[in-house]
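Open the model in a viewer and keep the selection panel at hand. The stops below say what to select and what is there.

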Amino acid sequence: MKFCDHAAPRDWVDNAVRLIDADAQRSADTHLLRYPLPTEWNVQLYLKDESTHITGSLKHRLARSLFLYAICNGWVTEGTTVVEASSGSTAVSEAYFAKLLGLDFVAVMPASTSPQKIALIEAQGGRCHFVRRPPDMYTEAARLAAECGGHYMDQFTHAERATDWRGNNNIAESIFQQMALENDPVPEWIVVGAGTGGTSATIGRYIRYRRHATKLAVVDPENSAFFGGYETGDAAYQTGMPSRIEGIGRPRVEPSFVGQVVDRMLEVPDAASIAAARFASTRLGRRVGGSTGTNLWGVFALIAEMIAEGRSGSVVTLLCDGGDRYAGTYFDDAWVASQGLNLAGPTAILEKFLATGVWDG
């Protein structure tokens with residue numbers, strides 16, 4: 001009789017899961033904020049404030065799920081170097097969890113990544129590896145992981161399967177629990193962007209699983225492939241262009257994007273995303289990121305549609321991250337001008353909407 005054992009020792013795995021669960025236990029759920037709208041509209045808008053996670057963004061949930069998924073699949077164990085293709089908030093959050101577990105973390109990103117984002121990743125103990133062309137991130141991350149015997153986390157493939165969409169305090173379950181005592185506890189719409197596609201897949205599946213009447217809308221910035229892929233039904237659709245709105249938008253339709261659970265998609269110009277982020281920051285008394293602006297542009301269009309049709313109800317979207325990390329980009333007039341963007345038109349649309357409920361976007 002022959003025996004062959006390849007499984008890693010379980011002591012490290014048991015402790016790693018405990019550490020991640022303990023981290024979640026120390027964290028309260030994120031707040032659901034009321035966004036000020038005229039009372040006569042009979043529409044309530046709520047923002048799920050994901051900026052209050054310890055790493056400052058919605059991606060904290062994703063990173064936690066990805067690490068648990070990789071550990072419980074036996075892909076990550078003691079001494080594993082974790083590699084990810086990310087220049088943004090996912091890399092910041094994954095660096096945090098790698099540090100928590102005593103693992104090395106490498107983020108593969110374009111050489112054009114902002115110094116602020118690099119600093120956030122390095123502050124969590126991560127290392128940054130640069131590529132000249134953004135589309136090369138995927139293959140370079142896989143190559144690095146293979147070269148060092150590490151694990152390529154591959155958020156874009158695993159995001160939709162790493163999260164338990166049936167519940168277990170995922171973002172969808174949290175939203176509906178927090179809405180339970182509101183005037184309209186079942187939202188007419190939930191509006192999110194797509195970076196990996198994992199969040200929209202989780203929410204869309206949960207809505208169907210719980211048999212809610214809520215519809216899911218996904219907003220997509222300029223240059224991103226998700227809208228084109230949804231419109232044409234082509235899962236291989238590509239633009240080959242990077243998104244200026246960090247955290248959402250991709251040059252290709254990612255494997256984690258499940259278009260079948262999305263009820264509507266809206267394409268949002270980058271100038272509109274940035275104008276909406278600034279507009280909301282003024283009303284909330286705090287800066288919000290560009291992806292939150294993209295969400296709100298889509299939200300306002302849908303609310304105007306509800307008003308025009310005489311429908312009341314609630315709408316929920318995500319405050320994905322804070323705007324302070326974008327002080328040198330979205331909130332910098334010189335940077336906006338350097339991108340050839342004019343915020344005057346979108347700002348006028350937002351001001352008219354708030355005054356009249358009419359949407360000219």
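On the other side of helix α1 from its buried residues, Arg-10, Asp-11 and Gln-25 are exposed. Hold that view for a moment while the whole chain is described; the tour then returns to this helix.

**The whole chain**

This is a predicted model. Show the chain as a cartoon: 13 helices and 10 strands make it up. Along the principal axes, the C-alpha atoms fill a box of roughly 75 × 45 × 40 Å. The chain has a radius of gyration of 20 Å, which agrees with the value near 21 Å that a compact globule of 361 residues would have. Colour by accessibility, and buried residues come to 56% of the 361. Among contacts with a separation of 6 or more, 74% are between residues 24 or more positions apart.

**Helix α1**

Select residues 10-25, which form helix α1. How far apart are its end C-alpha atoms? They are 22 Å apart, which agrees with the 22 Å that 16 residues should span at 1.5 Å a residue.

Now show side chains in α1 and pick out Trp-12, Val-13, Ala-16, Ile-20 and Asp-23, the buried residues of this helix. They cover an arc of only 100 degrees around the axis, so they lie on the same side of α1. An α-helix has 3.6 residues a turn, so residues three or four places apart point the same way. To see what covers the buried residues of α1, add α2 (59-72) and α3 (89-101), which are included in that cover.

Turn back to the exposed side and select Arg-10 with Asp-14. The two form a salt bridge, with the closest N and O atoms 4.0 Å apart. Both residues lie in α1, four residues apart, about one turn of the helix. Arg-10 is exposed, with a relative accessible area of 60%, while Asp-14 is partly exposed at 44%.

**Two nonpolar cores**

In soluble globular proteins, nonpolar side chains tend to be buried together. For the largest nonpolar core here, which has 45 residues, select Leu-45, Phe-300, Ile-303, Val-315 and Trp-359; these touch the most other members. Then select residues 290-308: this is helix α11, which gives the core its largest share, nine residues.

Centre on Trp-359 and show what surrounds this residue. Leaving out residues up to four places away in sequence, Trp-359 touches Trp-297, Phe-300, Ala-301, Ala-304, Ile-349, Leu-350 and Phe-353.

A second, separate core has 29 residues. Select Trp-12, Tyr-96, Ile-118 and Met-153, which are among them. Trp-12 was already met as one of the buried residues of α1.

**More salt bridges**

Side chains of opposite charge can pair when their charged atoms come close. The structure holds 25 salt bridges, and a few more are worth selecting.

Go to Arg-244 and Asp-270, whose side chains meet in a salt bridge at 2.9 Å, N to O. Arg-244 sits in the loop between α9 and β9 (264-268) and Asp-270 in helix α10 (residues 270-284), so the pair ties together parts that are 26 residues apart in sequence. Asp-270 is buried, with a relative accessible area of 0%, whereas Arg-244 is partly exposed at 22%.

Next, select Glu-254 and Arg-250. Their salt bridge has its closest N and O atoms 3.0 Å apart. Are these two residues buried or exposed? Glu-254 is buried, with a relative accessible area of 2%, and Arg-250 is buried as well, at 14%.

For a group rather than a pair, select Glu-188, Arg-264, Glu-305, Glu-309 and Arg-311, which are linked in a network of salt bridges.

**Two asparagines in loops**

Finish with the backbone. Select Asn-42, in the loop between β1 (32-35) and β2 (43-49). Asn-42 has a positive phi of about 60 degrees although it is not a glycine, and Asn-42 is partly exposed, with a relative accessible area of 45%.

Then move to Asn-223, found in the loop between β8 (215-221) and α9 (226-232). Its phi is also positive, about 75 degrees, although Asn-223 is not a glycine. At 29% relative accessibility, Asn-223 counts as partly exposed.

Notes
Residues numbered from 1 in each chain as written. Predicted model: local features only at pLDDT ≥ 70, side-chain atom pairs only at ≥ 80, totals over all residues. Heavy atoms only, no water. Expected span 1.5 Å × (residues − 1). Buried < 20%, exposed > 50% of the residue type's maximum accessible area, 1.4 Å probe, protein only. Arc of directions from axis to C-beta. Contact = heavy atoms within 4.5 Å. Core = buried A, V, L, I, M, F, W, Y, C linked by side-chain atoms within 4.5 Å. Rg over C-alpha atoms; globule rule 2.2 N^0.38 Å.
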